[in-house]
Amino acid sequence: MARILGGISTSHIPAVGNAIANNLQDDPYWKPFFDGYPPIHAWLAEHRPDVVINIYNDHGLGFFLDQMPTFAIGAAHEYRNEDEGWGIPQLDPFPGFPELSWHIIESMVADEFDITSCQELPVDHGFVVPMQLFWPGAPHNPDMPRAIPVSANTVQHPIPTLRRALNFGRALRKAVLGWPEDIKVVVLGTGGLSHQLDGERAGFINPEFDRYCLEHIVHDPDRLTRITRMELVEKAGAQGTEFLMWMMMRGALGDNVREVTRNYHIPISNTASGTLLLECIE
Amino acid sequence: MEHPVDGPRFDHRQHIPGTTIFDGRMAMRGYALNKMCYSFNRKENREAFVADEEAYMEKYGLNEAQKQAVRERDVLAMIAAGGNIYYLAKLAGIFRLSVQDLGAMQTGMTVEEFKRKLLEAGKG
Ligand SMILES: [Fe+2]
């Protein structure tokens, strides 16, 4: 039977892709950020997941406003990292696992989550930057698991509620655990933490709110479902709504988790960056 | 931090300073502008825009406010005209502007001041 080993969340700032391409890991600006990842590499090397479910939010590559799914799941043999328009290096395609994707889609729709299935889905920095952070050299890292992308809408309101995001993760967990083969799965939640790119409030960062979210997502994520969507915009910034991905990931991990490592650093680009690794306790 | 669960009390009109909620109302207003910016995912479209900005904006049916905001590289005016930052960022890429350049433009700071403000946020 399939097992979920744990979940890893991280910011997915596009500038990270350039920093990796230019080997800036030890640069004084970047070092406090990249120092968060070696403990995650060690954990992945020990546990060697077979599949990575990457929960991210598309930023206008895979989807446009003509047709905007609230929740989309990739069901493709591979996922291409296409040109986003502003010159971050493109990576080679990531191998998928469409049979498992369809199993998840079947299970979740039966659980009354209305999923948009995607047999083609170009993936942007929200998907690939975390892959590069966790599996350096991705997709050519020899330990690179097969990938299933899950994208949630944070481009336009109405966005999902925090409660819906957490429950989505719980239904995803049920779906994965229902897969009959013995495979090991890791779930990613990418984006955040507090940041705002647009408007007179651009550059807004809120460490106090980020720490509140980091504190409670580990052992009491239900508490965070009291935060309204407008409150999330107000406190996390307009793009800090990406915290929804962390909630989706958290829901997939079950009630009992152990925190393995975390890192929090301000600023990277316009963003308060964070990463968190939670291991599932069976 | 005790708040009622999100639900029927959701209010689009709640005012958050310096922040435009990009909802259906803004999505309707900005559709042509955002569609043009989405096209900039492709290199040939970026080149076509650079070759003749006016013709390219006309092809996508931008209204006068949107065209003027693009001509003036005025990000706040683009947002007021319905632009969504994720698509506008692709337009900014053509001008080689980063999100920090955009932040400085929108807040009336120099890029150095804007970056310093972000660094200060990390020391708090
Ligand atoms: Fe993002």
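The following exercises, each with a worked solution, concern a predicted model of a structure with chains A and B.

**Exercise 1. The sheet of chain A**

Task: Determine the order of the strands in the open sheet of chain A, and explain why one side of β6 and of β9 is left without a neighbour.

Solution.
Step 1. The open sheet contains eight strands, and their order is β6-β3-β7-β2-β8-β1-β10-β9, with mixed pairing.
Step 2. Strands β6 (116–118) and β9 (257–268) of chain A stand at the edges; each has a single partner strand, so one side of each lacks a neighbour in the sheet.
Step 3. From one strand to the next, the twist averages 15°.
Step 4. As background, strands of a sheet pair through backbone hydrogen bonds, either parallel or antiparallel.
Step 5. In chain A, β1 (residues 3–10) and β10 (residues 271–280) run antiparallel and are joined by five bridges. Within this pair of strands, T10(A) stands opposite T275(A) in β10(A).

**Exercise 2. The iron site**

Task: Identify the protein donors of the iron ion, and state how the donor residues are spaced in sequence.

Solution.
Step 1. The protein donors are H12(A) through NE2, H59(A) through NE2 and E242(A) through OE, and they lie 2.0 to 2.2 Å from the iron ion.
Step 2. Along the sequence, the spacing of these donor residues is H-x46-H-x182-E.
Step 3. The two histidines link distant parts of the chain, being 47 residues apart. H12(A) belongs to the loop between β1 and α1 (14–21) of chain A, whereas H59(A) belongs to the loop between β2 (51–56) and β3 (71–74) of chain A.
Step 4. Both H12(A) and H59(A) are buried.

**Exercise 3. A helix in chain A**

Task: Explain why helix α10 of chain A is described as largely enclosed by the rest of the structure.

Solution.
Step 1. Helix α10 comprises residues 243–251 of chain A. A residue counts as buried when its relative accessible area is under 20%.
Step 2. The buried residues of α10(A) include F243(A), L244(A), W246(A) and R250(A).
Step 3. Nine of the nine residues of this helix are buried, so α10 is largely enclosed by the rest of the structure.

**Exercise 4. Backbone exceptions**

Task: Locate the cis peptide bond that leads to P267(A), and state whether N23(A) is buried or exposed.

Solution.
Step 1. Most residues other than glycine have a negative phi, and most peptide bonds are trans.
Step 2. The bond from I266(A) to P267(A) is cis, with omega near -10°, and P267(A) lies in strand β9 of chain A.
Step 3. A further cis bond runs from G192(A) to L193(A), with omega near -5°. L193(A) is placed in the loop between β8 (184–190) and α7 (207–219) of chain A.
Step 4. N23(A), which is not a glycine, has a positive phi near 55°. N23(A) lies in the loop between α1 and α2 (31–34) of chain A and is exposed, with a relative accessible area of 63%.
Step 5. S269(A) likewise has a positive phi, about 55°, although it is not a glycine. S269(A) lies in the loop between β9 and β10 of chain A and counts as buried at 11% relative accessibility.

**Exercise 5. Chain B and its interface with chain A**

Task: Describe the secondary structure of chain B, and then its interface with chain A.

Solution.
Step 1. Chain B has nine helices and zero strands. Of its 124 residues, 42% are buried.
Step 2. At the interface, 48 residues of chain B are in contact with 47 residues of chain A.
Step 3. The two chains bury about 4300 Å² between them, and 60% of this area is on carbon and sulfur atoms.
Step 4. One salt bridge is counted between the chains. R46(B) forms a salt bridge with D83(A), with the closest N and O atoms 2.8 Å apart.

**Exercise 6. A salt bridge within a helix**

Task: Explain how K123(B) and E120(B) are placed relative to each other in helix α9 of chain B.

Solution.
Step 1. K123(B) and E120(B) form a salt bridge, the closest N and O atoms being 3.7 Å apart.
Step 2. The two residues are separated by about one helical turn, because they are three residues apart in helix α9 (residues 111–123) of chain B.
Step 3. K123(B) is exposed, with a relative accessible area of 62%, whereas E120(B) is partly exposed at 44%.

Definitions and conventions. Residues are numbered from 1 along each chain as its sequence is written. Chains are lettered from A and ligands numbered from 1 in the order in which they are written. This is a predicted model: local features need pLDDT of at least 70, side-chain atom pairs count only at pLDDT 80 or more; totals for chains, interfaces and linings use all residues. Side-chain values use heavy atoms; hydrogens and water are left out. Two strands pair if DSSP finds at least two bridges between them. Helices (H or I, at least four residues) and strands (E, at least two) are DSSP runs, numbered from the N terminus. Axes are lines fitted to C-alpha atoms, for helices over the stretch in contact, and angles run from 0 to 180 degrees between N-to-C directions. Donors are N, O and S atoms within 2.8 Å of the metal (3.2 Å for Na, K and Ca); water is not among the atoms, so sites may look incomplete. Buried means under 20% relative accessible area, exposed over 50%, partly exposed in between (1.4 Å probe, protein chains only). Contact means heavy atoms within 4.5 Å. Buried area is the accessible area (1.4 Å probe) that two parts lose on being put together, summed over both. A salt bridge is a side-chain nitrogen of Lys or Arg within 4 Å of a carboxyl oxygen of Asp or Glu.
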